Amino acid sequence: MVNLNYRGNTMLKDLLEKLKPSSKGKGAQSTTIATPDISRVIKMPKPETTTTQTPSSPIQDKASQVHDPEEMGALAEAAVDDLSGQFEAWMQMDLNRLKDAWAAAQESDATPEDYRNLYTCAHNIRGVAGSYGYPAISRLCGSLCTLLSDTAPGENSALINLHVEACRAAHTSIGRGESSQSVADAVCDALEQRVARKTSNS
């Protein structure tokens, strides 16, 4: 069985080697993890109506009877734990969309719309990856959005590709130890610095 942690770490280290000339600085800003949107799980009590209610989860049922802020907080944490098993699948789906969008943007007949689609995929991932437990992917997609904002079709292909590869590598290694995290941080630093140089020169 393939060790995903080892494979992801190896992919990140390979990317870091490609970026080494520009990876000396550590000027990247730290990112904060966004608060997960749990509104799909916990619903605030609504006035009683005569309409037929749809089936709800035990957490929703309990939430509708609770008004104490501390107990609501505990229910929110339980709801996030309940969802955490789905974060991995959602992250994989988002990364597959990013990969497909990048493949379309590399076609010989690619249009600005294809690049806008790629930007949208990266922007969406940047917004949710931190909540899913992948802060490095959020940073990488933020850097990719900055690059794409200053990119016409056919430009910066190598640098865009490095971002997409780094996201895939980070997905298989993040959250699996401090060494994986430090390598991912170094890759993020290097790519952010390279994008900063590229966009400041244009």
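Me: The bend at a residue is the angle between axes fitted to the seven residues ending there and the seven starting there. With that in hand, where does α4 bend, and by how much?

Reply: In this predicted model, α4 bends at R126, by about 30°.

Me: How do you know what span to expect for helix α4, and what do its ends say?

Reply: The expected span is 1.5 Å times one less than the number of residues. Helix α4 covers residues 112-132, which is 21 residues, so it should span 30 Å. Its end C-alpha atoms are 30 Å apart, and that agrees.

Me: Which residues of α4 are buried, and what comes right after the helix?

Reply: The buried ones are Y115, L118, C121, A122, I125, A129, G130, S131 and Y132. After α4 comes G133, with a positive phi near 95°.

Me: What makes the phi of N156 worth a look?

Reply: The phi of N156 is near 55°, a positive value, and N156 isn't a glycine. You'll find N156 in the loop between α5 (135-148) and α6 (157-173).

Me: Why is N156 called buried if it sits in a loop?

Reply: Buried is about relative accessible area, and the cut-off is under 20%. N156 comes in at 16%, so it counts as buried.

Me: What does the whole chain look like in terms of helices and strands?

Reply: There are seven helices and zero strands, running α-α-α-α-α-α-α from the N terminus. The chain has 202 residues, and 38% of them count as buried. Among contacts between residues at least 6 apart in sequence, 71% join residues at least 24 apart.

Me: How many disulfides are there, and why doesn't C121 form one with C141?

Reply: Zero disulfides in this structure. A pair needs its sulfur atoms within 2.5 Å. The closest cysteine sulfur to that of C121 is in C141, 9.2 Å away, so it's too far for a bond. C188 isn't in a disulfide either: its nearest cysteine sulfur, that of C167, is 8.2 Å away.

Me: Are those two cysteines buried or exposed, C121 and C188?

Reply: Set them against the cut-off of under 20%. C121 has a relative accessible area of 11%, so C121 is buried. C188 is at 2%, so C188 is buried too.

Me: What makes a group of residues a nonpolar core, and which members touch the most others in the largest one?

Reply: The members have to be buried residues of the nonpolar kinds, joined through side-chain atoms within 4.5 Å. The largest core here has 44 residues, and L98, I137 and I160 touch the most other members. Elements giving two or more residues to this core are α1 (4-19), α3 (69-105), α4, α5, α6 and α7 (178-200). In soluble globular proteins, nonpolar side chains tend to be buried together.

Me: Which residues does I160 contact, beyond its sequence neighbours within four places?

Reply: Contact takes heavy atoms within 4.5 Å. For I160, the partners are W102, Y115, L118, L144, L147, L148, T151 and E155.

Me: Why is V195 called buried, and what does V195 touch?

Reply: V195, in helix α7, has a relative accessible area of 2%, so it falls under the 20% cut-off. Not counting residues up to four places away in sequence, V195 touches S143, T146, L147, L159 and H163. V195 and C145 are 50 residues apart in sequence, yet their C-alpha atoms are 10.0 Å apart in space.

Technical notes. Residues numbered from 1 in each chain as written. Predicted model: local features only at pLDDT ≥ 70, side-chain atom pairs only at ≥ 80, totals over all residues. Heavy atoms only, no water. Helix = DSSP H or I, 4+ residues; strand = E, 2+ residues; numbered from the N terminus. Buried < 20%, exposed > 50% of the residue type's maximum accessible area, 1.4 Å probe, protein only.
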